[in-house]
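Me: Hey, can you walk me through this one? I'm new to reading structures, so keep it plain.

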Amino acid sequence: MVPSCNSQITSITNGESCGMNETVDLAVTGSTGVTQFHWYANEMGGTALATTATGNWTTPTISTTTTYWVTADDGSCESWVREPIKAFILAPASLSFSPS
């Protein structure tokens with residue numbers, strides 16, 4: 001176990017999509033020296049859903065707003081705290097037509 005780790009998430013950009021069964025693009029940035037990001041379905045426990053070299057990740061297909069969790073890694077340690085990031089699924093606009 002590493003007693004301290006300087007890898008941190010420094011900004012989070014939640015994502016959104018309209019309709020059901022969509023993917024959502026999420027983005028984070030990390031502190032200086034971060035070389036990869038680990039994306040999780042849970043705040044604690046479990047294995048990463050994905051590991052990316054950049055702070056960009058596209059979720060699997062989802063139907064409802066979902067919270068994911070992300071950590072930063074500098075190659076020698078992973079940030080201690082998983083930061084929440086949201087993938088919002090918005091209701092599609094409804095159109096109604098009337099005879100003229």
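Reply: Sure, starting with a definition: helices (H or I, at least four residues) and strands (E, at least two) are DSSP runs, numbered from the N terminus. Two notes on where things come from: residues are numbered from 1 along each chain as its sequence is written, and side-chain values use heavy atoms, with hydrogens and water left out. It's also a predicted model, where local features need pLDDT of at least 70 and side-chain atom pairs count only at pLDDT 80 or more, while totals for chains, interfaces and linings use all residues.

Me: Ok! How many helices and strands does the protein have?

Reply: Zero helices and eight strands. Read from the N terminus, the elements go β-β-β-β-β-β-β-β.

Me: What sheet do five of the strands form?

Reply: An open one with mixed pairing, in the order β2-β8-β7-β4-β5. Its edge strands are β2 and β5 (50–52), each pairing on one side only. From one strand to the next, the twist averages 25°, with axes being lines fitted to C-alpha atoms (for helices over the stretch in contact) and angles running from 0 to 180 degrees between N-to-C directions.

Me: In what sense do β2 and β8 pair, parallel or antiparallel?

Reply: Parallel, with β2 covering residues 15–18, β8 covering 83–90, and four bridges between them. For two strands to count as paired, DSSP has to find at least two bridges between them. Opposite Ser17 you'll find Ile89 in β8, and Cys18 stands opposite Leu90 in β8.

Me: And β7 with β8, parallel or antiparallel?

Reply: Antiparallel, over five bridges, with β7 being residues 66–73. There, Thr66 faces Ala87 in β8, and Tyr68 stands opposite Ile85 in β8.

Me: Back to β2. Which side chains point to which face?

Reply: They alternate: Gly15 and Ser17 go to one face and are buried, while Glu16 and Cys18 go to the other and are not. That's a general habit, since in a regular strand the side chains alternate between the two faces of the sheet. Buried means under 20% relative accessible area, exposed over 50%, partly exposed in between (1.4 Å probe, protein chains only).

Me: Why does Ser17 count as buried?

Reply: Because its relative accessibility is 14%. Ser17 touches Glu22, Thr23, Val24, Phe88, Ile89 and Leu90, not counting residues up to four places away in sequence. Contact means heavy atoms within 4.5 Å.

Me: And Cys18, what's its relative accessible area?

Reply: 47%, so Cys18 is partly exposed.

Me: New topic: which residues of the largest nonpolar core touch the most other members?

Reply: Out of 16 residues, those are Leu26, Val28, Phe37, Trp39, Tyr68, Val70 and Ile85. Strands β3 (25–30), β4 (36–40), β7 and β8 each supply at least two residues of this core. A nonpolar core is a set of buried Ala, Val, Leu, Ile, Met, Phe, Trp, Tyr and Cys residues joined through side-chain atoms within 4.5 Å. In soluble globular proteins, nonpolar side chains tend to be buried together.

Me: What is Trp39 in contact with?

Reply: Leaving aside neighbours within four places in sequence, the partners of Trp39 include Leu26, Val28, Trp57, Trp69, Val70 and Ile85. Leu49 is also one of them.

Me: Where is Leu49 found?

Reply: In the loop between β4 and β5. Leu49 has a relative accessible area of 45%, so it's partly exposed. Besides Trp39, Leu49 touches Tyr40, Ala41, Trp57 and Tyr68, again not counting residues up to four places away in sequence.

Me: Which residue has a positive phi although it is not a glycine?

Reply: Asn21, with a phi of about 55°. Most residues other than glycine have a negative phi. Asn21 sits in the loop between β2 and β3, and it's exposed, with a relative accessible area of 52%.

Me: Last one: what does the C-alpha trace span along its principal axes?

Reply: About 70 × 25 × 15 Å. The radius of gyration is 17 Å, while a compact globule of 100 residues would be near 13 Å. That radius is taken over C-alpha atoms, and the globule rule is 2.2 Å times the number of residues to the power 0.38. Of the 100 residues, 33% count as buried.
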